[in-house]
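Let's take a friendly walk through a few local details of this model. Have the sequence and the 3D view at hand as you read.

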Amino acid sequence: MRKQIAAANWKMNKTLQEGQSLLNDILSADLSVGENQEVLFAVPFPYLIEANNIVSNRKNIFVTAQNCHHKTSGAYTGEVSVGMLTSIGIQYCLVGHSERREYFAESNQMLAEKVDLCLASSITPVFCCGEPLSIRDADTQNQFVEEQLKESLFHLDAAAIQKVVIAYEPIWAIGTGRTASAEQAQEMHAHIRLSLTNQYGEAIAQEISILYGGSVKGSNASELFSMKDVDGGLVGGASLIASEFVQIINALK
Ligand code: PEP
């Protein structure tokens with residue numbers, strides 16, 4: 001049975017002290033994280049170790065990196081390698097967030113390298129995909145997202161693809177307050193699962209968690225997560241407010 005996941009993406013927000021109190025507020029709330037559910041906190045690099053200490057005795061709660069470099073090591077000033085992440089006990093990493101694709105020119109090919117490096121180090125990549133508004137307006141979002149999956153994930157074999165989490169995040173819904181409707185989310189998630197089925201077969205496709213991201217809030221999480229192929233959410237803005245994120249966690253199926 002595939003996992004249901006609530007993932008917080010703090011992006012470049014919060015000081016260490018603010019982050020500590022946010023995490024403590026969330027963890028001390030009345031959380032219901034079931035056997036088949038996970039909560040991820042993608043915090044800025046300097047907070048990974050401290051955040052990992054804070055969640056260390058909590059079941060099914062994991063600290064996540066927001067990015068990693070696509071090479072193993074070397075003269076890449078300012079970058080963070082997958083080996084560095086594993087050396088501090090990190091088990092998840094976001095890969096290909098649309099802000100990284102847009103502002104740091106991350107290509108599908110580069111993201112394929114990041115996915116491979118993560119998997120080689122037993123880090124679960126949370127692979128982000130999703131279309132800009134112009135593609136949605138042209139009604140070619142299915143082909144666009146399928147291309148992202150093909151170029152960054154479909155070189156993986158059947159064992160490896162099952163270790164990947166996919167996050168569908170329509171760019172027009174990220175940080176805009178404009179959420180995809182539950183039907184729009186379900187439609188794309190079903191399409192992603194169909195692409196996985198065509199590539200790897202039904203049994204494997206059914207095991208892969210597909211998260212929705214784009215203005216998820218406490219008030220819309222239940223409806224989005226109730227959709228058949230929506231296995232939780234990747235959450236930016238609302239994950240910075242303890243009460244909102246607690247509501248989102250408790251909305252997981
Ligand atoms: C995100 O950054 O992944 C995201 C979905 O942001 P927001 O929830 O603020 O739209």
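## Ser 215 and its loop

In this predicted model, the loop between strand S7 (210-213) and helix H11 (221-225) contains Ser 215. What is the sign of phi at Ser 215? The angle is positive, about 55 degrees, although Ser 215 is not a glycine. For context, most residues other than glycine have a negative phi.

Is Ser 215 buried or exposed? Its relative accessible area is 16%, and buried means under 20%, so Ser 215 is buried.

## Lys 11 and its loop

Another loop to look at joins strand S1 (4-9) to helix H1 (16-27), and Lys 11 lies in it. Lys 11 is likewise a residue other than glycine with a positive phi, here near 50 degrees.

The relative accessibility of Lys 11 is 21%, so this residue counts as partly exposed, a class that lies between the cut-offs of 20% and 50%.

## Where H5 meets H7

Now turn to a pair of helices. Helix H5 (residues 108-120) and helix H7 (residues 141-152) have axes that come within 8 Å and cross at roughly 50 degrees. H5 and H7 are therefore oblique to each other, and the crossing of H5 past H7 is right-handed.

Which residues make the contact? H5 contributes Asn 108, Leu 111, Ala 112 and Val 115, while H7 contributes Glu 147, Gln 148, Glu 151 and Ser 152. By type, the residues of this H5 and H7 contact are three nonpolar, three polar and two charged.

How values were computed. Residues numbered from 1 in each chain as written. Predicted model: local features only at pLDDT ≥ 70, side-chain atom pairs only at ≥ 80, totals over all residues. Heavy atoms only, no water. Helix = DSSP H or I, 4+ residues; strand = E, 2+ residues; numbered from the N terminus. Buried < 20%, exposed > 50% of the residue type's maximum accessible area, 1.4 Å probe, protein only. Axes fitted to C-alpha atoms, helices over the stretch in contact; angles between N-to-C directions. Parallel < 35°, antiparallel > 145°, perpendicular 65-115°, else oblique. Left-handed = near helix turned anticlockwise from the far one by under 90°. Contact = heavy atoms within 4.5 Å. Nonpolar A, V, L, I, M, F, W, Y, C, P; charged D, E, K, R; others polar.
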